Amino acid sequence: MKETKHKMHKPHFIHDIRIGIGDMCKITGVTGRQLRYWEERGYIKSLADEKNSVRKYSWEMLYKVGSIKVFIDEGYTLAKAVEKSELREKEMAIIRKFMAANMHGVEITDEEKLYGQLDLGQCEGKKIYGVVDENGSHLEFGEG
DNA sequence: TTTCTAACA
DNA sequence: TGTTAGGA
């Protein structure tokens, strides 16, 4: 896989995505003025080229800006919105860790309605299932 | 045309 | 926060 012709411009992963400030504005509804201010305050960061250059944002920043924007629209101040956004992200990281370690399978029970049963492994000899059905979701014990 | 910083009728 | 000037 040699790239002798044109380097760059071939993102293979979502993590390679780079978003300009204009697109960031269109996608999130946050103004360029706000984005520059948020960066100045250290709430977000753009990809470190030298300063005074054109800002590029990562996928993570797109996500974070969108998240902050939601909280702002709910009436939180910028500082509180950032706080909630960052707390949410940390909580989600823990949830992902837990799920990665304990999700042993998913059985789909209704493809239309997206109901199913999560195999969450065992505890004290009993199987644990997370059930999503017409009643919402709940936990169930199964036979060892 | 877009984005940059700095500053303010 | 909006907006504008003046460059890059």
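This is a dialogue between a learner and a teacher about reading a predicted model of a protein chain with DNA strands.

Colleague: I've got the picture open, but I'm lost. How many helices and strands are there in chain A?

Modeller: Start by counting the building blocks, and keep in mind that this model is predicted. Chain A has four helices and six strands. Then walk along the sequence and note the order: here the pattern reads β-α-α-β-α-α-β-β-β-β.

Colleague: Okay, that's the order. What share of the residues of chain A count as buried?

Modeller: For this idea you look at relative accessible area, and under 20% is called buried. Chain A has 144 residues, and 25% of them count as buried. You can also ask how contacts are spread along the sequence. Take the contacts in chain A with a separation of 6 or more: 27% of them are between residues 24 or more positions apart.

Colleague: Let's try the DNA. Which residues are around DNA strand B?

Modeller: The trick is to list the residues within 4 Å of the strand. For DNA strand B, that gives I21, G22, R36, S53, V54 and R55. Next, see which part of the DNA the protein meets: sugar and phosphate make up 95% of the strand B atoms that come within 4 Å of the protein. If you sort the nearby residues by class, you get two nonpolar, two polar and two charged ones.

Colleague: And which atoms of G22, R36 and R55 are paired with phosphate oxygens of strand B?

Modeller: Check whether each atom belongs to the backbone or the side chain. For G22, a polar backbone atom is 2.9 Å from a phosphate oxygen of DNA strand B. R55 also uses its backbone, with an N or O atom 3.0 Å from a phosphate oxygen of that strand. R36 uses its side chain, where a polar atom lies 2.3 Å from a phosphate oxygen of DNA strand B.

Colleague: Now the other strand. Which residues are around DNA strand C?

Modeller: Use the same kind of list. Around DNA strand C you'll find T31, R33 and Q34. Sugar and phosphate account for 36% of the strand C atoms that come within 4 Å of the protein. Now zoom in on two side chains. R33 has a polar side-chain atom 3.0 Å from a base oxygen of DNA strand C, while Q34 has one 2.8 Å from a phosphate oxygen of that strand.

Colleague: I clicked on C25. Where does C25 lie, and what is C25 in contact with?

Modeller: For a single residue, go from element to accessibility to contacts. C25 lies in helix 1, residues 21-28. C25 counts as partly exposed because its relative accessibility, 22%, is between the 20% and 50% cut-offs. Leaving out neighbours within four places in sequence, C25 is in contact with V30, T31, G32 and L35. T31 is also one of the residues around DNA strand C. You can compare sequence with space too: C25 and V131 are 106 residues apart in sequence, and their C-alpha atoms are 39 Å apart.

Colleague: How about pockets? What volume does the largest pocket have?

Modeller: With a pocket, ask for its volume and then its lining. The largest pocket has a volume of about 300 Å³. It is lined by 13 residues, and those closest to its centre are E60, Y63, K64, E89 and R96. Helix 3 and helix 4 (78-102) are the elements that give two or more residues to this lining. By class, the lining has four nonpolar, two polar and seven charged residues.

Colleague: K64 and K84 are both lysines, I think. Which of these words fits each one, buried or partly exposed?

Modeller: Let the percentages decide. K64, in helix 3 (residues 59-73), is buried because its relative accessible area of 15% is under 20%. Beyond its sequence neighbours up to four places away, K64 touches Y43, S85 and E86. K84 is in helix 4 and counts as partly exposed, at 33% relative accessibility. With the neighbours within four places left aside, K84 is in contact with F71 and Y76. The C-alpha atoms of K84 and S67 are 8.9 Å apart, though the two residues are 17 apart along the chain.

Colleague: Last one: why does D119 count as buried?

Modeller: D119 counts as buried because its relative accessible area is 18%, which is under 20%. D119 sits in strand 4, residues 115-123. Apart from residues up to four places away, D119 touches N102, M103, H104, G105, K127, I128 and Y129.

Notes:
Residues are numbered from 1 along each chain as its sequence is written. Chains are lettered from A and ligands numbered from 1 in the order in which they are written. This is a predicted model: local features need pLDDT of at least 70, side-chain atom pairs count only at pLDDT 80 or more; totals for chains, interfaces and linings use all residues. Side-chain values use heavy atoms; hydrogens and water are left out. A polar contact is a pair of N or O atoms within 3.5 Å; within protein, one must be able to donate a hydrogen and the other to accept it, and residues adjacent in sequence count only if both atoms are side-chain atoms. Ala, Val, Leu, Ile, Met, Phe, Trp, Tyr, Cys and Pro count as nonpolar, Asp, Glu, Lys and Arg as charged, and the others, Gly among them, as polar. Buried means under 20% relative accessible area, exposed over 50%, partly exposed in between (1.4 Å probe, protein chains only). Contact means heavy atoms within 4.5 Å. On a 1 Å grid over the protein atoms alone, a cavity is a set of points where a 1.4 Å probe fits but cannot get out, and a pocket is an open set with protein on both sides within 12 Å along at least five of seven lines; lining residues have an atom within 4 Å of a point. Grid points are joined across faces, edges and corners, and a volume is the space filled by probe spheres set on the points.
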